[in-house]
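Me: Please take a close look at one part of this structure, the salt bridges, and then set them in the context of the whole chain. I am new to it, so explain each term as it comes up.

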Amino acid sequence: MKQQMKQLMIVLVALLVVNLAYAVEVAGVRFDDRSKLGNSDVVVNGAGLRKKAFFKVYAMALYLPEKQGEADAVLSAKGAKRVSISLLRDLSAQQFVDALQEGVANNHSEAEMETLKDRLKLFSEAMLSVGEAKTGTSVLIDWIPESGTRLSVNGQAKGKDIAGEDFYRALLKIWLGNKPVQDDLKQALLGKAS
């Protein structure tokens, strides 16, 4: 009996430790509460679900050096940042790129788009090199102050890091801008329960 209680306690402690390692779960996807990014530590600011019609498209989390509750504060925050996306359905890289470009265009003037176009093209080409993204694919879009915006798919860096924090802010505006891709997702990424 004593041995069984000891084993039960070990299992309970192990489950507690595993659960503490995750800050949030969205549509069955678990996101760590913190991450190491370059030379910096970042914490999960919020997480949510991207839906289109009645389809679940992806779960995502936003990581920042410290929690922020307002979009303007996130966009102006200094330091490393991460957008972590886990696909919940199969998508072509072209679908992902089209949505990305539309989201950036919806939140920027023509003049702003002109300053972003070459870098957006580089980022889009890196994404297109993936070809097809299956359900469960992990996409990280990181801002690493020492090197720029880095795209990683399933742990593999794609393309070259892209300079300019303004470019990373432009990507963040897809979800946090004045015309976000989905209002309740914006609120979720800002840590506000819907």
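Reply: A salt bridge here is a side-chain nitrogen of Lys or Arg within 4 Å of a carboxyl oxygen of Asp or Glu. The model is predicted, so local features need pLDDT of at least 70 and side-chain atom pairs count only at pLDDT 80 or more, while totals for chains, interfaces and linings use all residues. Residues are numbered from 1 along each chain as its sequence is written, and side-chain values use heavy atoms, with hydrogens and water left out.

Searching the whole structure gives twelve salt bridges. One of them joins K36 and D41, whose closest N and O atoms are 3.7 Å apart. To describe how open such residues are, three classes are used: buried is under 20% relative accessible area, exposed is over 50%, and partly exposed lies in between (1.4 Å probe, protein chains only). K36 is exposed, at 53%, and D41 is partly exposed, at 49%.

Another salt bridge joins the side chains of D184 and K51, at 3.5 Å from N to O. This pair ties together distant parts of the chain, since D184 is in helix α6 (residues 183-189) and K51 is in strand β4 (residues 40-52), 133 residues apart. Helices and strands are DSSP runs numbered from the N terminus, a helix being H or I over at least four residues and a strand E over at least two. D184 has a relative accessibility of 33% and counts as partly exposed; K51, at 35%, is partly exposed as well.

A third example, E114 with K117, has its closest N and O atoms 3.0 Å apart. These two residues are three positions apart in helix α4 (residues 110-128), which means that about one helical turn separates them. E114 is partly exposed at 49%, and K117 is partly exposed at 43%. Elsewhere, salt bridges with shared partners connect K78, K81 and E165 into one network.

K81 also lies in a strand, β6 (residues 81-87), which pairs with β9 in the antiparallel sense over six bridges. Two strands are said to pair if DSSP finds at least two bridges between them. Within this pairing, R82 has D142 of β9 as its bridge partner. Strand β9 (residues 138-144) is mostly covered, with six of its seven residues buried. β9 also pairs with strand β10 (residues 148-153), again antiparallel and over six bridges, and L140 has S152 of β10 as its bridge partner. Three residues form the hairpin that joins β9 to β10.

Now the whole chain. The protein chain has six helices and eleven strands, and 42% of its 194 residues count as buried. About 10,700 Å² of the protein chain is exposed, and carbon and sulfur atoms supply 54% of that; the areas come from the Shrake-Rupley method with a 1.4 Å probe, and for residues only the protein chains shown count as cover. A contact means heavy atoms within 4.5 Å. Among contacts with a separation of 6 or more, 57% are between residues 24 or more positions apart.

Last, confidence. The predictor's confidence in each residue is the pLDDT, from 0 to 100. The protein chain averages a pLDDT of 88, and 87% of the residues score at least 70. Over residues 11-22 the pLDDT is below 50, and this stretch has nine contacts in the model beyond near neighbours in sequence.
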